[in-house]
Amino acid sequence: MNYNNGSNLNEMYDYYLEKVLQEDTNNHVSGIWKKYDQGVDYEGLNLFEKTQLSQGDLYIYYTKDLDGNYSNSRLTIYMNGNDKVVGVSSFLEDYLAEKSWFSVVAAKKVSEFSNRGKFLTCIYNTYLLNEIEKKINDNLQLTKEEIKLLYQIDCSTESFGSLEEPRIKRLKLKRDFKTDIAYFYDLSVNNVGTNLEDFDKNEIVCYLGDIVYDGKTVPDKFKHLQYVYGNLYLNNVEVCDNLGNLKEVDNLYMNNLKDASGLHNFKRAKEDCFLSSLPKAKGLENFEEANYVDLNSLEDASGLGLKYVNHNLGINSLTSSKGFENLEYVGRNIFCENLDDTIGFTNLQSVNGRPAEEFISYVNKRHNSVGHKLVKVFRRGKR
């Protein structure tokens, strides 16, 4: 989620051009961008494109047809109004060289708009995915950075765009997951587990698959565990001893946890994090990101490190936002029926696709009639 709108974007373009222009220039398909203004009824657009024009401008990149006319639509940029990009789609042949070239075209156009960072990240990562696919097809060794990108280590599929998810899954099927992960983390394959019996034989640092444990205390054999490429189910555990090295999981289910102080190295849930009985945030100082976060019993958020919630955040028991000073982004809704202040939301930028100021305004007016709308407005699309 840490998209960059900064000065290194020029370096990104230079890298694109240096790499892509080395390929056969016959693969470079020239074309033109055409702008369609919001609210105008144009002929020749499909129903979806016309519907999108009610939301904002469209930019479509055309290449020549057999008659030499610019009529083949290859790229579309969707806008909110006339200055905010909300999506980029493509209609490309399944040729990697063509995909690489159009990545450059899309990146150059998107760079003209103020909120370019997120979309440039997706475009750039898609370009790198093309390079990874070439190497896999040629049976070449992937670098650690390429393995990191392929397995979305420290990033998610949202960093590519949803259209790339099927390709990522297909490429992973061609790889030996255990070998790749061991190489990435500089581990012996013996330190990478694939079944629970492995914990009885070796010091397991990384586990591939789901861990389901029904005990009330975390066993000593989990103390070396840092990464779980799967779900961690520990719903009966109240105190999380022996998880002091845990950093990342896909989904974390600890719905009966009362003390998180043993999770002091935990950083990220790629998907959801359920800590629905936790009263205090102590121990979550390094917890930065998840898709859905359930902290609905939280009464004290002091020290919470949370920065990015890509979907919903539940904090219904909290009365004060103190402790949310690191929070920057909530992709969908904040459930906060008892929240009375906004003093902790000093860095919050966006909630449910809208400026954070709107959410903060609702909370601050909670004791007026507008306050009763808070639950409705920020509950659209509840899970």
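Start your selection at residues 1–10, where pLDDT (the predictor's confidence in each residue, from 0 to 100) stays under 50 and the model has 18 contacts beyond four places in sequence. Contact here means heavy atoms within 4.5 Å. Next, pick residues 20–27: the pLDDT is below 50 there too, and this stretch has 15 contacts in the model beyond near neighbours in sequence.

You are looking at a predicted model, so local features need pLDDT of at least 70 and side-chain atom pairs count only at pLDDT 80 or more, while totals for chains, interfaces and linings use all residues. Residues are numbered from 1 along each chain as its sequence is written, and side-chain values use heavy atoms, leaving out hydrogens and water.

**The whole view**

Zoom out and colour by confidence. The mean pLDDT of the protein is 84, with 82% of its residues at 70 or more. Among the elements, strand 5 (residues 192–193) has the highest mean pLDDT, 98, and helix 10 (residues 374–377) the lowest, 40.

Switch to a cartoon and you can count ten helices and 19 strands. Helices (H or I, at least four residues) and strands (E, at least two) are DSSP runs, numbered from the N terminus. Of the 383 residues, 49% count as buried; buried means under 20% relative accessible area, exposed over 50%, and partly exposed in between (1.4 Å probe, protein chains only). A surface view shows about 18,700 Å² of accessible surface, 45% of it belonging to carbon and sulfur atoms. These areas come from the Shrake-Rupley method with a 1.4 Å probe, and for residues only the protein chains shown count as cover.

**A hairpin**

Select residues 70–90. Strand 3 (residues 70–80) and strand 4 (residues 84–90) pair in the antiparallel sense over six bridges; two strands pair if DSSP finds at least two bridges between them. Met79 has Val85 in strand 4 as its bridge partner. Three residues separate the two strands of this hairpin, and Gly81 in the turn has a positive phi of about 70 degrees.

**Strand 8 and its partners**

Now centre on strand 8 (residues 227–233), where six of the seven residues are buried. Add its partners one by one:

- Strand 6 (residues 206–208) pairs with strand 8 in the parallel sense over three bridges, and Cys206 stands opposite Tyr227.
- Strand 7 (residues 211–212) runs parallel to strand 8 and is joined to it by two bridges, with Ile211 opposite Leu232.
- Strand 9 (residues 248–253) pairs with strand 8 in the parallel sense over five bridges, and Tyr233 stands opposite Tyr253.

As you turn the view, remember that in a regular strand the side chains alternate between the two faces of the sheet.

**Two cores**

Show side chains for Met254, Leu263, Leu313 and Phe324: of the 52 residues in the largest nonpolar core, these touch the most other members. Such a core is a set of buried Ala, Val, Leu, Ile, Met, Phe, Trp, Tyr and Cys residues joined through side-chain atoms within 4.5 Å. Strand 8, strand 9 and helix 9 (356–364) are the elements that give two or more residues to this core. Helix 9 gives the most, with four residues.

Which residues does Leu313 contact, leaving aside its neighbours within four places in sequence? Select around Leu313 and you will find Val293, Leu306, Phe324, Leu327, Val330, Asn333, Ile334 and Phe335. Apart from this core lies another, of 22 residues, among them Leu128, Leu142, Leu150 and Ile181.

**Salt bridges**

The whole structure holds 16 salt bridges, each a side-chain nitrogen of Lys or Arg within 4 Å of a carboxyl oxygen of Asp or Glu. Try Lys135 and Glu146, which meet at 3.0 Å, N to O. Lys135 lies in helix 4 (residues 116–137) and Glu146 in helix 5 (residues 144–150), so the pair ties together parts that are eleven residues apart in sequence. Glu146 counts as buried because its relative accessibility is 16%.

Move on to Arg268 and Glu248, a salt bridge at 3.4 Å, N to O. Arg268 is in strand 10 and Glu248 in strand 9, 20 residues apart, and both residues are buried.

**Last stop: Glu271**

Finish at Glu271, in the loop between strand 10 (268–269) and strand 11 (272–274). Is Glu271 buried or partly exposed? With 37% relative accessibility, Glu271 counts as partly exposed. Not counting residues up to four places away in sequence, Glu271 touches Asp250, Asn251, Ala290, Asn291 and Tyr292.
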